[in-house]
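Please examine the structure shown below with the following explanation at hand. The text proceeds from the strands to the helices that pack together.

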Amino acid sequence: MLKTSPPPESLYIHIPFCQSKCGYCAFNSFSGLDGLKDGYVKALCQDISASLKGAYLQSIFIGGGTPNTLGIQHYEQIFNAITSHARLSPDVEITLEANPDLLSLQWCVALKNFGMTRLSIGVQSFLEPKLRFLQRDHNPDNVYKALEYASKSGIAHLSIDLIYNTPLDTPKSLEQEAAQASNLPIDHLSAYSLTLEDQSRLAHTPLEILPRLDTHMQACLIAGGFVPYEVSNYARNYQCLHNLGYWGGLEYVGCGAGAVGRVGQTRLYKLKSVPSYTANPLYTHKEPLSTTDLELEALFLGLRCNLGVSTDLLAPQKVKTLLEEKVCYLERGRLIAQDFFLADEIALWLSH
């Protein structure tokens with residue numbers, strides 16, 4: 001049986017505003033809605049107040065969209081709402097995502113003073129042609145300036161995102177990008193294989209067959225001192241607490257347009273449209289989840305990272321086979337994949 005998890009200790013806040021929409025992006029994000037920001041933040045604070053109800057938070061993650069399109073005055077309201085309705089762990093992890101071209105020293109200092117402990121910067125590439133292909137607004141110089149601001153402000157943990165498997169990638173170019181990343185003052189890196197979902201602009205652009213350089217990218221990052229702890233995430237002395245909560249199947253609260261949460265055996269969905277959410281921030285669509293649903297989720301998410309999955313959920317003979325073939329190994333009673341890139345295939349085989 002699936003064990004009952006403790007009350008939610010994680011909060012996700014969605015900021016749906018962007019200066020422009022990147023070509024690969026299929027997230028719930030919108031450009032040209034700057035006039036709605038003040039009303040949105042007011043509604044978001046109502047949502048936070050109603051959703052937390054005295055929660056004890058170990059992690060907060062503010063994603064998007066582009067969270068640093070909101071101003072300092074907006075975040076003052078948001079953090080006031082959080083601290084008025086939840087208790088924060090003394091070592092709470094508070095992450096914000098940011099685009100490098102919109103980052104300022106003043107913003108970093110203010111957010112650090114509000115409690116931010118971790119900044120994740122959407123670099124995506126250090127190469128100008130690749131940034132143009134991805135329809136990113138920033139240039140490589142913005143990245144170094146952003147990291148300078150973040151370092152000067154004293155933010156404890158810095159992370160960047162990279163995208164690979166684009167038509168412009170080669171083994172040599174990925175080696176170059178990994179080497180540049182290794183020289184940055186960061187303790188975490190996320191590397192995502194380009195995935196073009198139907199909602200993204202690039203999905204409707206004719207492209208040659210995309211390269212598959214997953215293992216090469218991983219080898220380059222390992223050589224740069226980054227240790228893979230999930231299929232797309234690499235630690236250099238720091239693993240993201242909030243993400244580990246997701247992958248470990250812990251419950252979490254989701255606030256903001258299009259945000260998703262889970263409490264008990266119920267998935268909770270907020271309205272996606274910014275005007276609709278602003279008008280009715282407390283509306284939540286509820287999806288009941290069976291024990292089987294949660295066990296399958298634990299299986300697929302756990303095998304994609306170093307948390308693995310409890311052998312209590314698995315057929316002993318299949319576990320024995322995976323161990324004998326050295327596809328997985330056991331640690332603390334949990335089955336862990338030797339190669340995270342094979343996780344989905346392993347999970348499918350285990351689930352049938």
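Two strands are said to pair if DSSP finds at least two bridges between them. In this predicted model, strand β16 and strand β17, the latter spanning residues 334-337, meet that requirement, because 4 bridges join them in the antiparallel sense. One position shows the arrangement in detail: tyrosine 329 stands opposite isoleucine 336 in β17.

This pair belongs to an open sheet of 3 strands, arranged in the order β15-β17-β16 with antiparallel pairing. The edges of the sheet are formed by β15, at residues 309-310, and β16, at residues 328-331, each of which pairs on one side only. As a general matter, the strands of a sheet pair through backbone hydrogen bonds, and the pairing may be parallel or antiparallel.

A further open sheet consists of 3 strands in the order β12-β13-β14, and here too the pairing is antiparallel. Its edge strands are β12 and β14, each pairing on one side only. From one strand to the next, the twist averages 25°.

The sheet may now be followed strand by strand. Strand β12 covers residues 260-263 and strand β13 covers residues 266-269; the two pair in the antiparallel sense over 4 bridges. Within this pairing, arginine 262 has arginine 267 of β13 as its bridge partner. The hairpin of β12 and β13 has 2 residues between the strands, and in it glycine 264 takes a positive phi near 60°.

On to the next pairing: β13 is joined to strand β14, residues 285-288, by 4 bridges in the antiparallel sense. Arginine 267 stands opposite glutamate 287 in β14, while leucine 268 has lysine 286 of β14 as its bridge partner. Arginine 267 thus appears in both pairings, with arginine 262 as a bridge partner and with glutamate 287 opposite. In general, the side chains of a regular strand alternate between the two faces of the sheet.

The helices come next. Two packed helices are described by the angle between their axes and the distance between the axes. How do the axes of helix α6 and helix α7 cross? Helix α6 comprises residues 171-182 and helix α7 residues 214-223; their axes come within 9 Å and cross at roughly 30°. Angles under 35 degrees count as roughly parallel, and α6 and α7 are therefore roughly parallel to each other. The crossing in which α6 passes α7 is right-handed. In the contact, Pro171, Leu174, Glu175 and Ala178 of α6 meet His216, Met217, Cys220 and Leu221 of α7. These residues divide into 6 nonpolar, 1 polar and 1 charged.

Another pair is formed by helix α10, residues 291-303, and helix α12, residues 343-350, which pack at an angle of about 150° with their axes 8 Å apart. Because angles over 145 degrees count as roughly antiparallel, α10 is roughly antiparallel to α12. On the side of α10 the contact is made by Leu299, Phe300 and Leu303, and on the side of α12 by Ala343, Asp344, Ile346, Ala347, Leu348 and Leu350. The residues of this contact divide into 8 nonpolar, no polar and 1 charged. α10 passes α12 in a right-handed crossing.

Finally, the confidence of the prediction deserves attention. The mean pLDDT of the protein chain is 90, and 90% of its residues reach 70 or more. Over residues 1-6, however, pLDDT stays under 50, and the model has 8 contacts beyond four places in sequence for this stretch. Where pLDDT is low, the predicted coordinates should not be read in detail.

Technical notes. Residues numbered from 1 in each chain as written. Predicted model: local features only at pLDDT ≥ 70, side-chain atom pairs only at ≥ 80, totals over all residues. Heavy atoms only, no water. pLDDT = per-residue confidence, 0-100. Contact = heavy atoms within 4.5 Å. Axes fitted to C-alpha atoms, helices over the stretch in contact; angles between N-to-C directions. Parallel < 35°, antiparallel > 145°, perpendicular 65-115°, else oblique. Left-handed = near helix turned anticlockwise from the far one by under 90°. Nonpolar A, V, L, I, M, F, W, Y, C, P; charged D, E, K, R; others polar.
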